[in-house]
Amino acid sequence: MSGAALTLPEELLLLALDPVRGKPYCRGRFLEYGIAGAALAELELQGWIAEERGRVVVVKPLDPPDPLLAVFLRSLPPAGKGRSGSGVPARRWVRRSARQAEGLYLDALVERGVLRRETRRFLGLFPYHRHPAGAASPAAEVRQRFEASRAAGRPDPRGRMLAALAAAVELPSVVRQGDRRTRRAARALAREEWPALAVHRNVRQDKAAQAGGGDGGGGGGGGGD
């Protein structure tokens, strides 16, 4: 892998995928929401967008140098061009962009050798993919940084945002480990950062629909269920 710094969507994928089995530790559809939310978070951290009352607003219309971030920035309405004013609701954008976001980032990481793609068939008929770690994967380093940030109390905005997104997709290592206070703090974090909150609300909507017998807006492409 090149020395380029990982973006939040890439870090979240490496945290969420089992490096050996290539299967998400969380539900596949939840991870899709998480990758879309992470793209928004990365755009905000780099200064391209902002959040205003739950809506995503473009503040710097020129394309970012990162080609994938440029794709997502172009999918957002320019300032003042939203259907009901400036921007677009974050929760709606995350739901609409989730599958595309995960697919683009998986493709990019496979191309760079960070992940491998294995095609399998369900019942011998329906193809699906697994994405174990590739030879150039920095997954171990990502996990080490994540745990070091947790031990230090998430002092930096990037580490805090990654933890919020990991909690929002209900990554078991974040929301199920530690004592009750630690687990409660992790879940609260998912509601404190607006990109993670948009993810959390979509996850909650899907779970409510499933409990009520609905489909929640579609199944996951990552096969993590």
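In this predicted model, A50 has V57 of β2 as its bridge partner. One more facing pair here is E51 and V56, the latter again in β2. These contacts belong to the pairing of β1 with β2 (residues 55-58), which is antiparallel and runs over four bridges. The turn of this hairpin has two residues between the strands, and R53 takes a positive phi near 55°. Zooming out, β1 and β2 are part of an open three-stranded sheet with the order β1-β2-β3 and antiparallel pairing. β1 (49-52) and β3 (88-89) sit at the edges, each pairing on one side only. As a reminder, strands of a sheet pair through backbone hydrogen bonds, either parallel or antiparallel.

Next comes helix α2. The helix covers residues 28-45, and at 1.5 Å a residue its 18 residues should span 26 Å; the end C-alpha atoms turn out to be 25 Å apart, so the two values agree. Most of α2 is covered, with 16 of its 18 residues buried. Just past the helix, G47 takes a positive phi of about 90°.

α2 also holds a salt bridge of its own. E32 pairs with R29, with the closest N and O atoms 2.6 Å apart, and the two residues lie three apart in the helix, about one turn. That spacing fits the general rule: an α-helix has 3.6 residues a turn, so residues three or four places apart point the same way. Both partners are tucked away, since E32 has 0% relative accessibility and R29 has a relative accessible area of 6%, and buried means under 20%. The pair doesn't stand alone, either: R29, E32 and R99 are linked in a network of salt bridges.

In total, the structure holds 14 salt bridges. Another of them joins the side chains of R145 and E11, at 3.3 Å from N to O. R145 lies in α5 (residues 139-151) and E11 in α1 (residues 8-16), so this pair ties together parts that are 134 residues apart in sequence. The two ends differ in cover: R145 is partly exposed at 43%, whereas E11 is buried at 8%. A further bridge connects E192 and R160, whose closest N and O atoms are 2.4 Å apart. Here the link is between α8 (residues 180-192), which has E192, and α6 (residues 157-168), which has R160, with their positions 32 residues apart in the chain. E192 is partly exposed at 48%, and R160 is also partly exposed, at 28%.

Finally, the surface. F122, L123, L125 and F126 make a nonpolar patch of about 480 Å². Among them, L125 is found in the loop between β4 (118-122) and β5 (126-130), and this leucine is exposed, with a relative accessible area of 56%.

Conventions. Residues numbered from 1 in each chain as written. Predicted model: local features only at pLDDT ≥ 70, side-chain atom pairs only at ≥ 80, totals over all residues. Heavy atoms only, no water. Patch = residues over 30% accessible without salt bridge, like charges linked within 9 Å, V, L, I, M, F, W, Y side chains within 5 Å. Areas by Shrake-Rupley, 256 points an atom, 1.4 Å probe, with all protein chains shown as cover. Salt bridge = Lys/Arg side-chain N within 4 Å of Asp/Glu carboxyl O. Buried < 20%, exposed > 50% of the residue type's maximum accessible area, 1.4 Å probe, protein only. Expected span 1.5 Å × (residues − 1). Pairing = 2+ DSSP bridges.
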